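Good morning, colleagues. I should like to take you through one model, beginning with its overall build and ending with its ligand and its core.

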Amino acid sequence: MTTPAIDVADVTFRYPDGRTVLDGVNLTIAPGERVALLGPNGAGKTTLMLHLNGVLLAADGHVAVNGITVARNTVRAIRRDVGLVFQDPDDQLFMPTLADDVAFGPANFGLCGAELQQRVDEALAAVEMTEHAGRSPHHLSGGQRRRGALATVLACRPSILVLDEPSANLDPTARSELARTLTRLDTTMLIVTHDLPYAAQLCERAIILDAGRVVADGATHRILADSELLARHRLELPWGFALPART
Ligand SMILES: Nc1ncnc2c1ncn2[C@@H]1O[C@H](COP(=O)(O)OP(=O)(O)OP(=O)(O)O)[C@@H](O)[C@H]1O
């Protein structure tokens, strides 16, 4: 059997205030899968995402990435494998130029010279931002900043990408450009989103998390066609949205 890219087994997590936010979560994602993680506000999606690269460590249960348990002594290696793309690009863009930002991660891993430059060039090309390499991230549009932030993560060549609300605040053109970029990448992806049409467009599989539990896991088109399931978990397709016809 292929080793899962992500394996979350019976994970329960409480914040220090005692609130149980993940309550026996189980999910497995195979290498190359692109999966949407859906759920209402406060469901525990971000908390789960932070377990995947060791920002939070499971007190109960087990999280493994490419077969390696996420633990204090593996966090460095895990973070090379799992790239988190935060909702706010400003969390990832803080250098004078976009190229500097993209170089930051691989330089931290010890790359320099031509090898580093190649990483930067590849990452910027992957998000179609080559022409903006020398610009200040503050002068980029929202959509360009989102793709720039993605490039900073891609430059570290993670095998898994976890994206938090990638389509938030993007206009239709920027949404499409980002979708095109994401569908061209061949990394495993977990996309945390409230944007159900985007989930339908990008992900064959969707998982609904509510109150810290996985309440649905299956084909995105089936999950999104179940209006009662969606309503039970405070999810809703936009008015007039038609799921793509399936053969
Ligand atoms: N650092 C923290 N300390 C205590 N409670 C927290 C902390 N961070 C989050 N929580 C609580 O954990 C619960 C789950 O939050 P989380 O951010 O994981 O949910 P989410 O599904 O990502 O929500 P949203 O869709 O609104 O982003 C919420 O009730 C939240 O208030």
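**Overall fold, ligand shell and core**

Please note at the outset that this is a predicted model. Among contacts in the protein chain between residues at least 6 apart in sequence, 67% join residues at least 24 apart.

The chain's secondary structure consists of nine helices and 10 strands. As for its dimensions, the C-alpha trace spans about 50 × 45 × 40 Å along the principal axes. Does the radius of gyration indicate what one would expect, and what is the expected value for a compact globule? For 247 residues that value is near 18 Å, and the protein chain has 18 Å, so the two agree. Of these 247 residues, 41% are buried.

I turn now to the ligand. Which residues surround it? The shell comprises Y15, D17, R19, V21, G39, N41, G42, A43, G44, K45, T46 and T47. Which helix gives the most to this shell? That is helix α1, residues 45-51, which supplies three residues. Sorted by class, the shell holds three nonpolar, six polar and three charged residues.

Finally, the interior. The largest nonpolar core has 68 residues, and within it I191 and A199 touch the most other members. With neighbours within four places in sequence set aside, I191 is in contact with R34, A36, L37, L163, P166, A199, L202 and C203. A199 thus appears twice in this account: as a contact of I191, and beside I191 as one of the two residues that touch the most other core members.

Thank you for your attention.

How values were computed
Residues are numbered from 1 along each chain as its sequence is written. This is a predicted model: local features need pLDDT of at least 70, side-chain atom pairs count only at pLDDT 80 or more; totals for chains, interfaces and linings use all residues. Helices (H or I, at least four residues) and strands (E, at least two) are DSSP runs, numbered from the N terminus. The radius of gyration is taken over C-alpha atoms; the globule rule is 2.2 Å times the number of residues to the power 0.38. A residue is buried if 20 or more other C-beta atoms lie within 10 Å of its own, exposed if 12 or fewer, and partly exposed in between; C-beta atoms are placed from the backbone. Two residues are in contact if their C-beta atoms, placed from the backbone, lie within 7 Å. A residue is near a molecule or strand if its C-beta atom, placed from the backbone, lies within 6 Å of it. Ala, Val, Leu, Ile, Met, Phe, Trp, Tyr, Cys and Pro count as nonpolar, Asp, Glu, Lys and Arg as charged, and the others, Gly among them, as polar. A nonpolar core is a set of buried Ala, Val, Leu, Ile, Met, Phe, Trp, Tyr and Cys residues joined through C-beta atoms within 7 Å.
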